[in-house]
Amino acid sequence: MESTKQYKSCNCPHSRPRRSFLQWLWTACLTLAAVEVGWLGFSIFNASGKRGKERTQDRIIDAGTVDQFKPGQVKAIAQGQFYLSRLEDGRFIALSRVCTHLGCALPWNYEKQAFVCPCHGSTFDRQGLATRPPATRPLDYYRVRIENGVIMVNITTSVGRSGFSSSQTAGV
Ligand code: FES
C-alpha cells in the first residue's frame, strides 16, 4: 500500500523523460487532429466548388418567347425532347415526354387535349397529371425560368413529383 503511494507521487529525475515524451506525443496528436480537420474543411470547400462548376454546366434550352404561346397550348420541343405547356393561367411547365408507367414516348393528342400513351393507354393532362391508368404518377418536369420574355428550360435532369404545384411552373 505504501509502495503504491510512493510510486504515484514519485517526482524522481528518471520520470521526467517519460513525462516529456507524453507531452510530445500529446502535441503530435493535437497537430495531427488539426491537420485532419483542416483537410476535411478543404475537401468540403473543394466539393462545393465542384458542384458550383457543374451547375454552370447545366444544359439550358431556349424554348422560345412567351408571346409565341397561347394559354392552353402544348408544344413539343424537339431540341430538348420535352413538351412545353402553357397553362390556362399563362404560366409555363416543361414536361418529360416519358410515360411514368413503363417509359413509352408520349404524343400530345390535339383532339383529346391530352397526352395519350400508345403502349397501354394512360392519359395525362396539360399539367402532366395522370388522368387514366395504368400510370398513376404525374409526368416528370424540367425547371423553367423566364428571362426577358425568353423561356429557358434546364434539361440537365427531370424532376419526379407526386402532384402539381405552381412551384413547378414559371410565369411572367
Ligand atoms: S408505358 Fe404508358 S401506359 Fe404503359
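Gln81 sits in the loop between β2 (74–77) and β3. The model here is predicted. Gln81 is not a glycine, yet its phi is positive, at about 55°. Its relative accessibility is 45%, so Gln81 counts as partly exposed.

Another loop holds a similar case. Gln113 lies between β5 (108–109) and β6 (114–116). Gln113 also has a positive phi, about 50°, and is not a glycine. With a relative accessible area of 30%, Gln113 is partly exposed. A further backbone feature appears in the loop between β8 and β9, where Pro134 is found. The peptide bond joining Pro133 and Pro134 is cis, with omega about 20°.

Now the aromatic rings. A pair of aromatic rings is described by the distance of the centres and the angle of the planes. How many aromatic pairs does the structure hold? There are 4. Take Phe82 and Tyr142: their ring centres are 5.9 Å apart and their planes meet at 50°, so the pair is tilted. This pair links distant parts of the chain. Phe82 belongs to strand β3 (residues 82–86) and Tyr142 to strand β9 (residues 141–147), with the two positions 60 residues apart in sequence. Both Phe82 and Tyr142 are buried. Elsewhere, ring pairs join Tyr83, Trp108 and Phe115 into a cluster.

That cluster leads to the nonpolar interior. The largest nonpolar core has 16 residues. Which of them touch the most other members? They are Tyr83, Leu95, Cys99, Leu106, Phe115, Phe124 and Leu139. A second, separate core has 15 residues, among them Val66, Phe92, Ile151 and Ala170. Phe115 shows how the largest core is wired. Leaving out residues up to four places away in sequence, its contacts include Tyr83, Leu95, Leu106, Phe124 and Leu139. Trp108 and Pro107 also touch Phe115. So do Val74, Ser122, Thr123, Asp125 and Arg126.

Next come two arginines. Arg137 is in the loop between β8 (130–132) and β9. At 36% relative accessibility, Arg137 counts as partly exposed. The side chains of Arg137 and Asp140 are joined by a polar contact of 3.0 Å. Arg137 also meets a part of the chain far off in sequence: Thr100 is 37 residues away, but the C-alpha atoms are 6.1 Å apart. Beyond its neighbours within four places in sequence, Arg137 is in contact with Thr100, Phe124, Ala130, Gly160 and Arg161.

Arg161 is the partner to follow. Arg161 lies in the segment after β10 (150–159). Arg161 is buried but has no salt bridge. Which side chain of opposite charge is nearest to Arg161? Asp140 is, at 6.1 Å. A salt bridge needs a nitrogen and a carboxyl oxygen within 4 Å, so a pair at that distance does not qualify. The polar atoms of the Arg161 side chain have backbone partners instead. The backbone oxygen of Gln127 is 2.7 Å from one such polar atom. The backbone oxygen of Leu139 also lies 2.7 Å from a polar atom of the Arg161 side chain.

The contacts of Arg161 tie these regions together. Not counting residues up to four places away in sequence, Arg161 touches Ile93, Leu95, Gln127, Gly128, Arg137, Pro138, Leu139, Asp140, Tyr141 and Gln168. Two of these, Leu95 and Leu139, are named among the residues with the most contacts to other members of the largest core.

Key. Residues numbered from 1 in each chain as written. Predicted model: local features only at pLDDT ≥ 70, side-chain atom pairs only at ≥ 80, totals over all residues. Heavy atoms only, no water. Helix = DSSP H or I, 4+ residues; strand = E, 2+ residues; numbered from the N terminus. Buried < 20%, exposed > 50% of the residue type's maximum accessible area, 1.4 Å probe, protein only. Lys, Arg positive; Asp, Glu negative; His and termini not counted. Polar contact = N/O pair within 3.5 Å; in protein donor to acceptor, adjacent residues only side chain to side chain. Contact = heavy atoms within 4.5 Å. Phe/Tyr/Trp six-rings, centres within 6.5 Å; stacked < 30°, edge-to-face > 60°. Core = buried A, V, L, I, M, F, W, Y, C linked by side-chain atoms within 4.5 Å.
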